[in-house]
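Here is a short briefing to read alongside the model. Keep the viewer open and follow the topics one by one.

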Amino acid sequence: MTQPDPGRAEMLEDGLRRILAPNPGPMTHWGTNTFIVGEGRVAVLDPGPDHPGHLADILAATRGETITHIVVTHAHLDHSPLARRLSKRTGAPVLGFGPPGAGRSATMSALAGEGLAGGGEGVDTAFAPDATLADGDRVTGDGWQIEALHTPGHFAGHLAFAFQGTLISGDHVMDWSSSLVSPPDGDLGAFMATSARLRDAGHRRLYPGHGGAIDDPSGRLGWLIAHRAAREAGILNALGPAPLEIAEIARRVYTDIPPAMLPAAGRNVFAHLVDLHERGLVRATPRLGATARFALV
């Protein structure tokens with residue numbers, strides 16, 4: 001797919017437009033995709049980073065229309081901060097799963113309580129929706145409807161939205177990269193369960209939060225599941241009865257990346273280790289945490 005022009009509203013299909021935010025980067029690819037659902041009385045989905053120029057582009061794209069809802073997939077800094085400013089300009093309520101920590105498992109809540117931060121795009125700690133959405137909730141407007149799917153994994157309170165046989169999938173699955181899963185916001189066990197659910201859901205197309213559309217959702221999600229399963233196998237193969245630090249495990253598993261990228265690889269390894277610990281396949285010494293050492297059970 002050719003990179004879209006930032007700031008220009010592009011029709012993806014009947015009732016769905018996209019505006020690319022001007023925030024390219026290693027975590028955001030070309031930038032964040034902001035979606036406009038409907039015509040006349042519309043919803044803005046993932047308004048994006050708190051960028052005055054992007055706010056102006058959204059308002060210009062909807063000139064002569066009424067924004068009735070502002071919907072957020074998850075509270076990362078590249079998706080949600082502009083929601084409050086847009087709400088003040090339009091009066092539209094902000095809808096999302098909940099505040100940033102909503103939906104975390106007991107294990108992830110404990111890790112967060114010990115000071116572990118997720119890294120990656122950064123959390124919008126101020127995010128507070130005016131109304132919450134749960135799995136299966138519907139948001140409706142004039143001639144349009146979107147259905148919320150709770151899709152934890154990349155973020156505990158992550159939502160995707162079904163629309164006319166497609167899925168606006170946030171950051172769970174993309175066409176250009178595997179998704180970041182970094183505890184305590186990311187949860188690999190939840191990520192795998194969500195991936196299997198979406199693989200079997202029958203959507204004809206996915207519209208991710210970054211990058212282009214995915215025309216083979218089942219195939220891409222199947223690849224994502226297999227990719228994570230292969231990474232898990234590599235981690236288990238690197239472990240033995242003697243406890244190892246995360247950095248050493250990452251060095252053994254990621255043998256083909258520059259040394260500067262090993263800290264990021266370590267976050268990915270830790271996500272797998274938390275999941276393996278939850279499943280009783282590895283033990284953590286002295287207790288589960290980012291500084292623990294890990295061995296096979």
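In strand 15, F294 is the bridge partner of L244. Strand 13 and strand 15 (residues 293–296) pair in the antiparallel sense over two bridges, where pairing requires that DSSP finds at least two bridges between two strands. This is a predicted model, in which local features need pLDDT of at least 70 and side-chain atom pairs count only at pLDDT 80 or more, while totals for chains, interfaces and linings use all residues. Residues are numbered from 1 along each chain as its sequence is written, and side-chain values use heavy atoms, with hydrogens and water left out.

**The sheet around strand 15**

- Three strands make up an open sheet, in the order 13-15-14, with antiparallel pairing.
- Strand 13 (244–245) and strand 14 (282–285) stand at the edges with a single partner strand each, so one side of each is left without a neighbour in the sheet.
- Helices (H or I, at least four residues) and strands (E, at least two) are DSSP runs, numbered from the N terminus.

**I249 and its surroundings**

- I249 belongs to helix 6 (residues 246–253).
- Is I249 buried or exposed? I249 is buried, with a relative accessible area of 0%; buried means under 20%, exposed over 50%, and partly exposed in between, with a 1.4 Å probe and protein chains only.
- Leaving aside residues up to four places away in sequence, I249 touches I235, A238, L239, L244, V269, L273 and F294; a contact means heavy atoms within 4.5 Å.
- L244 and F294, both in that list of contacts, are also the bridge partners described at the start.
- From C-alpha to C-alpha, I249 and E10 are 44 Å apart in space, and they are 239 residues apart in sequence.

**Strand 10 and its partners**

- Five of the five residues of strand 10 (residues 159–163) are buried, so this strand is largely enclosed by the rest of the structure.
- Which residues cover the two faces of strand 10? L159, F161 and F163 lie on one side and A160 and A162 on the other, and all are buried.
- Strand 9 (residues 144–150) pairs with strand 10 in the antiparallel sense over four bridges, and H150 stands opposite L159 there.
- Strand 10 is also joined to strand 11 (residues 166–170) by three bridges, and these two run antiparallel.
- Across that second pairing, F161 stands opposite I168 in strand 11.
- The hairpin of strand 10 and strand 11 has two residues between the strands, and Q164 takes a positive phi near 50 degrees in it.

**Backbone features worth a look**

- As background, most residues other than glycine have a negative phi, and most peptide bonds are trans.
- Q164, in the loop between strand 10 and strand 11, has a positive phi although it is a residue other than glycine. Its side of the picture is completed by a relative accessible area of 45%, which makes Q164 partly exposed.
- H29 is not a glycine either, yet has a positive phi of about 60 degrees.
- You will find H29 in the loop between strand 2 (16–20) and strand 3 (33–37), where H29 is partly exposed with a relative accessible area of 23%.
- P183 and P184 are joined by a cis peptide bond, with omega about 5 degrees. P184 lies in the loop between strand 11 and helix 4 (188–199).
- Another cis peptide bond runs from T285 to P286, with omega near 0 degrees. P286 is in the loop between strand 14 and strand 15.

**The chain as a whole**

- The chain has seven helices and 15 strands.
- Its radius of gyration is 19 Å, close to the 19 Å that the globule rule gives for 297 residues, so the chain is as compact as a globular protein of that length. The radius is taken over C-alpha atoms, and the rule is 2.2 Å times the number of residues to the power 0.38.
- Along the principal axes, the C-alpha atoms fill a box of roughly 65 × 35 × 35 Å.
- Of the 297 residues, 52% count as buried.
- Among contacts with a separation of 6 or more, 64% are between residues 24 or more positions apart.
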